[in-house]
Amino acid sequence: MALSFPELQPGVRILMGPGPSNVSPRVMKAMASPVVGHLDPDFIRTMEDIKRLLRIVFNTANEITFPVSGTGSAGMETALTNLIEEGDAVVIAAAGVFGERMADAADRLGARVQRVDAPWGRIIEPERIEAALKAAGQPKLLAIVHAETSTGAYQPVDGLGALAHRHGALMVLDAVTSLGCVPVEIDRWEVDACYSCTQKGLSAPPGLSPVTFSERAMAAVRARKTKCRSWYFDLGMIERYWGAERLYHHTAPITMNYALYEALRAVVDEGLEARFKRHRDNAAALQAGLAAMGLEPAAQEGYRLPQLAVVKTPAGIEEAQVRAALLRDYNLEIAGGLGPFKGQVWRIGTLGESSRREYVTLALGALETVLASMGVELSRGAALAAAAEAYRRVAPG
Ligand SMILES: *Cc1c(COP(=O)(O)O)cnc(C)c1O
């Protein structure tokens with residue numbers, strides 16, 4: 001008997017977790033473009049345009065700026081495996097899941113990892129980073145997360161590159177949840193290696209990791225005494241495909257590059273400043289609404305991400321049931337907590353295409369309705385009123 005499998009029928013969701021975010025029709029349309037060869041002149045032109053567009057969003061003149069094949073984690077592997085040699089001292093700042101991952105990845109490469117920790121939800125103070133750089137003894141690099149997606153903390157980065165350089169270290173930045181939502185200033189902040197992703201602030205499907213490397217980082221890559229431990233992520237080899245030589249290394253994911261190209265074009269069409277303001281405005285309304293519902297932010301005051309609200313779940317309710325009800329009744333996805341925050345927080349994202357007034361309004365109304373149905377005491381209507389007031393403040397009239 002012939003096997004039969006159903007056609008794909010995924011639901012049309014409103015994606016308000018920490019990624020993936022909703023993908024716009026123009027990006028979906030770009031993905032339906034013809035697949036060409038990875039050395040086709042038409043594709044090579046697109047590759048060059050992607051590099052130029054990425055330099056705009058990263059605010060950099062770095063020649064080595066391109067998308068690694070793989071999700072954000074592939075960008076992390078690329079940065080760390082190319083910059084670290086066994087025995088190198090490295091300083092990793094970690095106050096959440098994604099800082100922990102960098103420490104784990106550096107440890108696997110045989111680095112001597114000097115950690116700077118902070119309680120979850122707090123930023124890492126520069127004085128403590130400086131002390132760790134001093135204690136590390138000839139540190140090869142300092143690595144830190146810009147937007148800690150597990151806690152909602154918004155780490156200030158300005159000044160850290162100069163600090164790393166004063167101690168002879170390279171500066172590595174995880175901008176996976178920040179690129180396209182808040183300013184990422186690679187050259188001004190003296191960042192030497194930075195990685196991001198396609199599915200959060202840029203609102204393309206998951207699959208590529210935009211990266212950028214400074215001349216100082218590339219000098220360190222060229223000065224390695226040992227080969228890069230990864231074949232696939234070896235920058236020296238990938239550079240020969242993404243650079244003028246066009247030497248085959250691996251087959252570029254053609255369709256994903258179309259998606260990234262169109263998503264970046266959309267960013268430039270909107271304008272970076274307008275895009276950041278949109279993220280700030282929707283965040284202000286969402287955060288005001290959540291506060292009016294009595295939900296307390298997990299991240300420290302003054303350092304909360306404008307693209308991801310992380311709030312503590314009310315006592316006495318089964319938080320997974322709330323998320324299940326939001327998905328079932330409203331097609332709305334929000335996320336739960338990771339690690340020690342599992343069961344303790346919700347993570348509600350307004351990333352890229354998902355940063356919209358109608359989504360914020362729906363999320364607040366839906367969450368209020370579900371919480372009230374579960375017996376949580378709250379003042380009905382207060383969240384939407386607070387959000388409307390926040391919108392009035394940013395767009396008078
Ligand atoms: C999502 C995320 C990652 C990992 O990216 P993937 O695309 O899931 O591989 C890394 N760092 C941060 C801060 C993230 O939010």
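## Exercises on the ligand shell and the enclosed cavity

In this predicted model, 13 residues surround the ligand, and the closest are S73, T149, D174, T177 and K200.

**Exercise 1.** Determine which protein atoms lie at short listed distances from oxygen atoms of the ligand, and how much of the ligand the protein buries.

*Solution.* Begin with the backbone, where an N or O atom of G72 lies 2.8 Å from an oxygen atom of the ligand. Turn next to the side chains: a polar side-chain atom of S73 lies 2.5 Å from a ligand oxygen, and a polar side-chain atom of T177 lies 2.7 Å from an oxygen atom of the ligand. For the burial, the ligand taken alone exposes 380 Å², of which the protein buries 88%.

**Exercise 2.** Describe the shell around the ligand by the elements that give two or more residues to it and by residue class.

*Solution.* The elements that give two or more residues to this shell are α3 (72-83) and α4 (97-108). Sorted by class, the shell holds 4 nonpolar, 6 polar and 3 charged residues.

**Exercise 3.** Count the cavities of 30 Å³ or more, and characterise the lining of the largest cavity.

*Solution.* The count comes to 1 cavity of 30 Å³ or more, and the volume of the largest cavity is about 90 Å³. Its lining comprises 14 residues, among which A95, I124, V145, E148 and Q155 lie nearest the centre of the cavity. Strands β3 (89-94) and β5 (139-145) each supply at least two residues of that lining. By class, the lining of the largest cavity has 8 nonpolar, 4 polar and 2 charged residues.

Note on methods. Residues are numbered from 1 along each chain as its sequence is written. This is a predicted model: local features need pLDDT of at least 70, side-chain atom pairs count only at pLDDT 80 or more; totals for chains, interfaces and linings use all residues. Side-chain values use heavy atoms; hydrogens and water are left out. On a 1 Å grid over the protein atoms alone, a cavity is a set of points where a 1.4 Å probe fits but cannot get out, and a pocket is an open set with protein on both sides within 12 Å along at least five of seven lines; lining residues have an atom within 4 Å of a point. Grid points are joined across faces, edges and corners, and a volume is the space filled by probe spheres set on the points. Helices (H or I, at least four residues) and strands (E, at least two) are DSSP runs, numbered from the N terminus. Ala, Val, Leu, Ile, Met, Phe, Trp, Tyr, Cys and Pro count as nonpolar, Asp, Glu, Lys and Arg as charged, and the others, Gly among them, as polar. A residue is near a molecule or strand if one of its heavy atoms lies within 4 Å of it. A polar contact is a pair of N or O atoms within 3.5 Å; within protein, one must be able to donate a hydrogen and the other to accept it, and residues adjacent in sequence count only if both atoms are side-chain atoms. Accessible areas come from the Shrake-Rupley method with a 1.4 Å probe; for residues, only the protein chains shown count as cover.
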